[in-house]
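Please open the model in your viewer and keep the selection panel at hand, since this tour goes from one selection to the next.

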Amino acid sequence: MTALFDRHRAVLPEWLALYYRHPIEITHGEGRHVWDAEGKRYLDFFGGILTTMTAHALPEVTKAVSDQAGRIIHSSTLYLNRPMVELAERIAHLSGIPDARVFFTTSGTEANDTALLLATAYRGSNQILAMRNSYHGRSFSAVGITGNQAWSPTSLSPLQTLYVHGGVRSRGPYAELSDRQFINACVADLEDLLGHTREVAALIAEPIQGVGGFTSPPDGLYAAFREVLDRHGILWISDEVQTGWGRTGEHFWGWQAHAENGPPDILTFAKGIGNGMSIGGVVASARVMNCLDANSISTFGGSPVTMAAGLANLSYLLEHDLQGNARRVGGLLIERLRAVAAQLPLVREVRGRGLMAGIELVKPGTDEAHPEAAAAVLEAAREGGLLIGKGGGHNTSVLRIAPPLSLTVAEAEEGATILERALRSV
Ligand SMILES: Cc1ncc(COP(=O)(O)O)c(C=O)c1O
């Protein structure tokens, strides 16, 4: 183990963070469980950063990958690709975007990069509105629209970014307002901002901020923003890399909590759809998608093996109503965590929806972030046989819980019990 850790450190970048004082090597998984190289079994409440969406080693996905790999692994976008067309048809239909076109990439970063390329080309402007505390990926363009400083290593950018209020409900200057007042204040702020800018290309937002600690605005904020954006011809990009595919339980996409004025102009996705195979992508109406006047390809985007995995995974998700499962089991889990939190001054807030729950930790009696406690709870949970994640603002003090969407009630109970013990031990 240690030897592998040493070799990792010797050959990989320092900024490639590892969880835990003694990092673990995950060697295999099944359902909602994974095993490390020492044979210890864990209940997985993080799914490799919300990416193992249905289950580990789901036989349907494994078979689809292996069958496709046995036929052909790669052909490129220069040739017709049946699984790619089929998955694009299904995603176009599910997206809610009229006359939708889909472009596949290999990551969420590249999906957002493409969305930015489309929006800036379509609008003839490099000005972007992004949310404070946001995260959209690691490329040069993506870090330029990342409002979470801890994840944005350079201030150089091909874009001019203006940060908007609203992604964080329970902190900041509007925290004490009612939901309606909060939305009105954010809209007024946006209107004011637009009064001081030239043409803006797009607003990009995560309906629930992932890396930012599962924070979100009141339902309806982005619908209210949409009204303002429409008046200016500004596009709305919904980054659904974490919130897509029914994880939030109530909705298939996060934007549907803000649906009053229709779907976004551009939707980006990644993570869960491939269940670990690298699929990202962009959906936009033909009008926006086809605005580029130069060639563009992705050598690996839409590769047959990943598309076969995506099709099998999506079919399983829909046929087993995992969105409904996320709503039911996630609802129980959040309720249980809230009951525990009510007895612990360490917990400031339990938030989220479906199987996307955040537990924000503070120094008891204060509103001050408590990253040391978050790290300690992560360690204690791991000791107890539970993997969770963390995130949130500049001081990582939010525990992130996002199991595969097939989580059972018994597993939710088991995980909550381990987590409760971990929280109490800190
Ligand atoms: C909301 C959001 N957008 C984009 C990304 C980037 O995706 P990837 O890591 O696949 O490039 C992430 C990754 O965590 C994310 O959470």
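What follows is a walk through three helix packings and one enclosed space in a predicted model.

**Stop one: α3 and α10**

Begin by selecting helix α3, residues 59–71, together with helix α10, residues 304–319. The axes of α3 and α10 come within 8 Å and cross at roughly 155°; angles over 145° count as roughly antiparallel, and α3 and α10 are therefore roughly antiparallel to each other. If you look along the line from one helix to the other, the crossing of α3 with α10 is right-handed. Now show side chains for Glu60, Val61, Ala64, Val65, Gln68 and Ala69 of α3, which meet Pro304, Val305, Ala308, Ala309, Ala312, Asn313 and Tyr316 of α10. Coloured by class, the contact of α3 with α10 shows 10 nonpolar, 2 polar and 1 charged residues.

**Stop two: α4 and α10**

Keep α10 selected and add helix α4, residues 82–95, which packs against α10 at an angle of about 40°, with the two axes 8 Å apart. At that angle α4 and α10 are oblique to each other, and their crossing is left-handed. On the α4 side the contact is made by Pro83, Met84, Glu86, Leu87, Arg90 and Leu94, while α10 contributes Pro304, Met307, Ala308, Gly310, Leu311, Leu314, Ser315 and Leu318. Sorting the residues of the contact of α4 with α10 by class gives 10 nonpolar, 2 polar and 2 charged. Before moving on, pick out Pro304 and Ala308 in α10, which belong to the contact with α4 and also meet α3.

**Stop three: α12 and α13**

Next, clear the selection and choose helix α12, residues 371–383, and helix α13, residues 409–425, whose axes lie 8 Å apart at an angle of about 135°. α12 and α13 are therefore oblique to each other, and α12 passes α13 in a right-handed crossing. Which residues of α12 meet α13? Select Val377, Ala380 and Ala381, and you will find them against Ile418, Leu419, Ala422, Leu423 and Ser425 of α13. The contact of α12 with α13 divides into 7 nonpolar residues, 1 polar residue and no charged residues.

**Stop four: the cavity**

Finally, turn from the helices to enclosed space, where the count comes to 1 cavity of 30 Å³ or more. About 50 Å³ of space lies in the largest cavity. To see what surrounds the largest cavity, select its lining residues, namely Leu50, Met53, Val241, Gln242, Gly244, Trp245, Arg247, Gly272 and Leu405. Colouring the lining by class separates 5 nonpolar, 3 polar and 1 charged residues; the charged one is Arg247, and the polar ones are Gln242, Gly244 and Gly272.

Technical notes: Residues are numbered from 1 along each chain as its sequence is written. This is a predicted model: local features need pLDDT of at least 70, side-chain atom pairs count only at pLDDT 80 or more; totals for chains, interfaces and linings use all residues. Side-chain values use heavy atoms; hydrogens and water are left out. Axes are lines fitted to C-alpha atoms, for helices over the stretch in contact, and angles run from 0 to 180 degrees between N-to-C directions. Helices (H or I, at least four residues) and strands (E, at least two) are DSSP runs, numbered from the N terminus. Angles under 35 degrees count as roughly parallel, over 145 as roughly antiparallel, 65 to 115 as roughly perpendicular and the rest as oblique. A crossing is left-handed if the near helix is turned anticlockwise from the far one by less than a right angle, and right-handed if clockwise. Contact means heavy atoms within 4.5 Å. On a 1 Å grid over the protein atoms alone, a cavity is a set of points where a 1.4 Å probe fits but cannot get out, and a pocket is an open set with protein on both sides within 12 Å along at least five of seven lines; lining residues have an atom within 4 Å of a point. Grid points are joined across faces, edges and corners, and a volume is the space filled by probe spheres set on the points.
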